[in-house]
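Work through the exercises below with the structure at hand. Try each task before reading its solution.

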Amino acid sequence: MTIRARMTLWYSGVLLLSTLMIGIFCFDELSERRERLVKPSKGMEEILAIVLWIGLPAILLSIGGGWWLMRKALAPVATLTEAVRSVSDRNLNQQLPRTYNRDELDQLAEVLNAMTARLNDSFTRIQDFTLHASHELKTPLTVLCGETETELRDESLNPAERERIASRLDELRRMALIVNGLTLLAKADAGLITLNLAPVRLDELVQDSFGDTQILAEASGLSVTLQKCDRTIVKADAHRLRQLLLNLADNAVKYNQPGGSIQIGLASTDRTAELTICNTGPGITANVLSRVFDRFFRGDPAHNSRVEGCGLGLSIAQWIVSAHKGSISIESVPDQVTTVTVRLPVLESQRV
Amino acid sequence: MRVLVIEDEKKTASFIRKALQAEGYAVDVCHDGNEGLVAPTTTPYDAIVLDIMLPGRDGLSILRRWRQIHNRIPVLLLSARGDVIERVEGLDAGADDYLSKPFALVELVARVRALTRRGGDSKSTVLRVADLCLDTITRVVRRGELDIELTAREYRLLEFLMQSAGRLCGRMMILEKVWDYDFDPCTNLVDVYVKRLRGKIDAAFEPKLLHTVRGIGYVLRPPHA
């Protein structure tokens, strides 16, 4: 039944009820008068009494009924609004709830479902495209890298030739890194990666990464401190966490300033491990901050031209964190300090 | 030492052959899965480089078949997919090692070398290269008469380089053995560590032992070797 039909039916019900009420009151009043054979007098007062005692309740009933009717009619709209609000690129394959009573709202839900299905289809195609593209690039890249390396092994090369070929090989390797990063993310999007989860001592990984960060930072004259490192066990893929930590440490070194510093900390509660990496440096402006996790996004081209990397580091970091059911965020005060915070669910922790 | 390379991409097969021949291996190449499956039954090989995606029959099923008939030849799997699942799948199927494309030739050669050396390696507890020596039990490193202080990571790096003394080591192999990384980080971590290590074991001494081969990797070798 359509909503129009339903509303008409319900409202006629309410009106019928009101009319019945008025009818009963009138009948009651009239029969009383006939009994007492009273002649009408004081017209105004009579009318006021009738309006007050009969009209008002009928009006109130109509208002109440109308309000109840509208609420009942609009309830599915509210449900649908909530359902549509939660639609994002991550759950496009989920369908909106339907009542299957073929009313206007059910039809709307059906049309919206068809739309998200089409969107989902397009998204999947783009994902597949990235996956196939990165895959197709691997064969020619393998050949190019292999042949260039074979050339480089030629003992008779003079130093200038050697340098030229080696520099070409560097760029090819960088391309290979980008293609590998893209493959990883495309697979993660398509849900094709399963993590090798096991209890992992996060604090030990952080200690390890602290050592590496010190060495990486030393060359740029940066000081690195480990402020706090609670004993923490998380359920995680140790390789991916190492990748995450190195990734963040490397960023903190690259986007720093001469004589700057880096602070690493791991503070854990019973439920959440909070890893923070603060670094001094030019920082990130607010309008850029929301896009730093985007693939290949480079905030400031002038600054980044001298920073090497594959442009996928933070996207990969974000994937690793979310695959572990955690969250990652960045806060930045330009020219002062930039803080990356990673929160992960904890299996067991002990404060130190 | 004879190695079989089963790889359908002709150019890839060709440079793998060249690189392995340069290392002194005799190399046979095969471009088809069905051909590859029966090749080891007629010729004894010391190691096999096997691509997963092959026409005729895929690498994993070939490998499973070999292991079923108790053929234990060391196998290095090559894959263009290169993800964790496939790595696990490959090792479960009986592969001895795994390399994802695109790879550095130096890595491939090092892995094949490790496969063919397996079993017959006499393990000495003291490693020596010229006057540099490393005791794997006491963890003492000396060059000439001088003790050298190393951090744990530097020690592991030096140990790995000394174990492969005289041979080129690629960055990925170093990351895997010294750092236990299964990914290539976009950093110069290895270069920085090698530079530090060089500062400790080479800077104040002659002759120099730790060399960088531009574009390929590192090698620790005695002079005139």
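**Exercise 1. Find the residue with a positive phi in the hairpin of β6(A) and β7(A), then work out how β7(A) is paired and which way its side chains point.**

Solution. This is a predicted model.

Step 1. Start at the turn. The hairpin of β6(A) and β7(A) has 3 residues between its strands. D335(A) takes the positive phi there, near 65°.

Step 2. Follow the hairpin. β6(A), residues 327-333, pairs with β7(A) over 7 bridges in the antiparallel sense. S327(A) has R343(A) in β7(A) as its bridge partner.

Step 3. Look for another partner of β7(A). Strand β5(A), residues 272-280, is joined to β7(A) by 9 bridges, and the two run antiparallel. Here E274(A) stands opposite R343(A).

Step 4. Read the side chains along β7(A), residues 337-345. They alternate. T338(A), V340(A), V342(A) and L344(A) point to one face and are buried. V337(A), T339(A), T341(A), R343(A) and P345(A) point to the other face and are not buried.

**Exercise 2. Check the span of helix α1 of chain A, and decide whether the helix lies in the open or is buried.**

Solution.

Step 1. Count residues. α1(A) covers 3-36, which is 34 residues.

Step 2. Apply 1.5 Å a residue. The expected span is 50 Å, and the end C-alpha atoms are 49 Å apart, so the two agree.

Step 3. Test burial, which takes 20 or more other C-beta atoms within 10 Å. The number of buried residues in α1(A) is 0, so the helix lies largely in the open.

**Exercise 3. Describe how domain 1 of chain A meets domain 2 of chain A.**

Solution.

Step 1. Set the bounds. The domain assignment of chain A gives domain 1 (3-85), domain 2 (89-193) and domain 3 (198-350).

Step 2. Place the first pair. The C-alpha centres of domain 1 and domain 2 of chain A lie 65 Å apart.

Step 3. Count contacts. 7 residues of domain 1 of chain A touch 9 residues of domain 2 of chain A. On the domain 1 side, helix α2(A), residues 43-85, gives the most, with 6 residues. That side has 6 nonpolar residues, 1 polar and no charged ones.

**Exercise 4. Give the strand order of the open sheet in chain B, and explain why its edge strands are left with a free side.**

Solution.

Step 1. Write the order. The 5 strands run β2-β1-β3-β4-β5 (chain B), with parallel pairing.

Step 2. Find the edges. β2(B), 26-30, and β5(B), 97-100, each have a single partner strand, so one side of each lacks a neighbour in the sheet.

Step 3. Add the twist. Neighbouring strands are turned by 20° against each other on average, direction ignored.

Step 4. Zoom in on one pair. 5 bridges join β1(B), residues 2-6, to β2(B). V3(B) has V27(B) in β2(B) as its bridge partner.

Step 5. Add the helix. α1(B), residues 10-22, packs on the sheet and touches β1, β2 and β3 of chain B. Its direction makes about 170° with that of β2(B).

**Exercise 5. State how many residues of chain A and chain B are in contact, and which helix of chain A gives the largest share.**

Solution.

Step 1. Count. 41 residues of chain A contact 31 residues of chain B.

Step 2. Assign helices. α3, α4, α5 and α6 of chain A each supply at least two residues of the chain A side. α3(A) gives the largest share, 12 residues.

Step 3. Sort by class. The chain A side has 15 nonpolar, 15 polar and 11 charged residues.

Key:
Residues numbered from 1 in each chain as written. Chains lettered and ligands numbered in written order. Predicted model: local features only at pLDDT ≥ 70, side-chain atom pairs only at ≥ 80, totals over all residues. Domains from an automatic or database assignment. Contact = placed C-beta atoms within 7 Å. Helix = DSSP H or I, 4+ residues; strand = E, 2+ residues; numbered from the N terminus. Nonpolar A, V, L, I, M, F, W, Y, C, P; charged D, E, K, R; others polar. Pairing = 2+ DSSP bridges. Axes fitted to C-alpha atoms, helices over the stretch in contact; angles between N-to-C directions. Buried ≥ 20, exposed ≤ 12 C-beta atoms within 10 Å, placed from the backbone. Expected span 1.5 Å × (residues − 1).
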